Amino acid sequence: MSMAKTLVKLQALACVAILAALSPLLVTAALLWKLFGKLFCLSSSPKSIVGEVAVVTGAGHGLGRAIALELADKGCHIAVVDINMTGAESTVKQIQEKAKVRAKAYKADVSNYLELVQLNRDVVSDLGPVTVLINNAGILLHRNSVDPEPAEVQQMINVNLAAHFWTRMVFLPTMKAMRRGYLLTISSLAGLFPLPYNTTYTATKAGTTAHMRALRMELALEQLKDIHVCTAMPTFLEANEEVTHLTNEIKISNLYPLISAKQAAHRIVDGMLRGEREIMLPGLAALLYRLMSLLPVSWQDRGMVLASGSRFKQFCALRN
Ligand SMILES: NC(=O)c1ccc[n+]([C@@H]2O[C@H](COP(=O)([O-])OP(=O)(O)OC[C@H]3O[C@@H](n4cnc5c(N)ncnc54)[C@H](O)[C@@H]3O)[C@@H](O)[C@H]2O)c1
C-alpha cells in the first residue's frame with residue numbers, strides 16, 4: 001500500500017477515535033441543551049403566517065385535513081388539494097365554518113407533474129403566490145402486504161416519493177424568488193424504524209426524509225435561510241380508519257397511546273413555525289432512534305424483530 005493511502009487510512013482512524021472519545025460528551029451536551037431549552041422556554045416563538053397561501057396535498061381526509069384546519073386557524077389561506085373532491089370540498093366547508101380565510105378545493109394527483117404545474121397556476125390566480133407547501137398526500141397500505149402487485153408498488157413510489165420532487169420543482173422557485181417560505185413533508189417513523197412486510201412504505205418514507213435533509217443543505221449553501229424545510233415523522237395515528245383498525249387489532253396502543261390527527265397536526269404546525277427541522281411523534285422516538293443508531297446493525301435488527309416483528313406478522317395476517 002502506498003504511503004499516501006496509509007496516511008489517509010490513519011487520518012480516518014484518528015477521526016473515528018476522536019469522535020468515539022467525544023461522543024459521551026456530545027450526547028450529554030445535547031441532552032443538557034434540550035433540557036435547558038425546555039426549562040427556560042428558549043425555543044423560538046412560532047412565526048406568523050397570517051395572509052400566506054398554503055397548498056396542502058391530501059387535505060381531503062385524515063392528517064392533511066387536520067393540518068389544513070390548523071393552518072387556517074393561524075390565518076393562512078388554504079388550497080385544499082386531493083384526488084377526492086368530495087373530501088376536499090368537505091375540508092373547505094370545515095375551514096369556512098371556523099376561520100375567516102379563503103379556502104378552495106382543487107383536484108390534482110401529486111404524482112402527475114403536469115397537473116401540479118396547472119394547480120400552481122390556478123392557486124396563484126385564485127389565492128396568490130404559494131409560500132407554504134405541505135407535502136402530505138400518501139398511500140399507506142398495499143392490498144396484499146406480503147406479495148404486492150408491481151403496479152401497486154410503483155404507485156406507492158410515485159405518490160410517497162417521486163411526487164416530492166415534482167411539488168418541489170413546481171412550488172420552490174416562487175419561494176426562492178421571494179426568499180421565504182415553508183416546506184413541510186409528512187414522512188413517517190417507518191422511515192427510521194422499518195416496518196416488516198411494508199417495505200415499499202418504509203423505503204419511500206426513508207427516501208423522503210433523506211430528500212428533505214439534502215434539500216436543507218442546498219438551501220443553506222444558497223443562503224436561503226428563510227425557507228424552512230421541516231420533516232414530520234409520526235408513528236401510527238388515528239387518521240386513516242383502516243390503519244387505526246389494524247393497529248388496534250394488533251394492540252399497538254399497548255406500546256404507546258395512538259395520537260389523534262388533530263393533536264399531531266397541532267404539534268407539527270407549531271414545530272414548523274418554530275423552525276424545527278425534524279419532528280418525531282411521539283418525541284421519545286427521537287431519543288430511541290439516536291440511541292439505537294449507536295448499536296451495531298445486527299443488534300438493531302434483532303431489537304426491532306423482538307420489539308415488533310410478531311405484531312407485524314399479525315398485521316399482515318389480518319390484511320391478507
Ligand atoms: N395514519 C397514520 O398512521 C400515519 C402514520 C405516519 C405517517 N402518516 C403519513 O401521513 C400522511 C397522511 O396520512 P393519513 O393517515 O391522513 O392518510 P389518509 O389516507 O387518511 O389521507 C390521505 C389523503 O391523500 C389523498 N391522496 C392519495 N393519493 C393522492 C394523490 N396521488 N394525489 C393527491 N391526493 C392523494 C387521499 O385521497 C386522502 O384524502 C401520509 O403521507 C402518511 O404516510 C400517516
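In the predicted model, a polar side-chain atom of D82 is placed 2.6 Å from an oxygen atom of the ligand. Two further polar approaches to ligand oxygen are found: an N or O atom in the side chain of K205 lies at 3.0 Å from an oxygen atom of the ligand, and a polar backbone atom of L237 lies at 2.7 Å from such an atom. The protein buries 93% of the 840 Å² that the ligand exposes when taken alone. The ligand is surrounded by 28 residues, of which H61, D82, N136, Y201 and L237 are the closest; by class, this shell comprises 14 nonpolar, 11 polar and 3 charged residues. Helices α2 (62–73) and α6 (199–221) each contribute at least two residues to the shell.

The structure contains 13 salt bridges, among them one between E278 and R213, whose side chains meet at 2.6 Å, N to O. This pair connects distant parts of the chain, E278 belonging to strand β9 (residues 278–281) and R213 to helix α6, with their positions 65 residues apart. E278 is partly exposed at 22% relative accessibility, and R213 is likewise partly exposed, with a relative accessible area of 32%. Through salt bridges that share partners, R213, R216 and E278 are joined into one network.

Another salt bridge pairs E97 with K93, the closest N and O atoms being 3.6 Å apart; because the two residues are 4 residues apart in helix α3 (residues 85–98), about one helical turn separates them. Both E97 and K93 are exposed. In the salt bridge between K74 and E70, with a closest N and O separation of 3.8 Å, K74 is partly exposed, at 29% relative accessible area, whereas E70 counts as buried at 11%.

Notes: Residues numbered from 1 in each chain as written. Predicted model: local features only at pLDDT ≥ 70, side-chain atom pairs only at ≥ 80, totals over all residues. Heavy atoms only, no water. Near = heavy atom within 4 Å. Polar contact = N/O pair within 3.5 Å; in protein donor to acceptor, adjacent residues only side chain to side chain. Areas by Shrake-Rupley, 256 points an atom, 1.4 Å probe, with all protein chains shown as cover. Nonpolar A, V, L, I, M, F, W, Y, C, P; charged D, E, K, R; others polar. Salt bridge = Lys/Arg side-chain N within 4 Å of Asp/Glu carboxyl O. Buried < 20%, exposed > 50% of the residue type's maximum accessible area, 1.4 Å probe, protein only.
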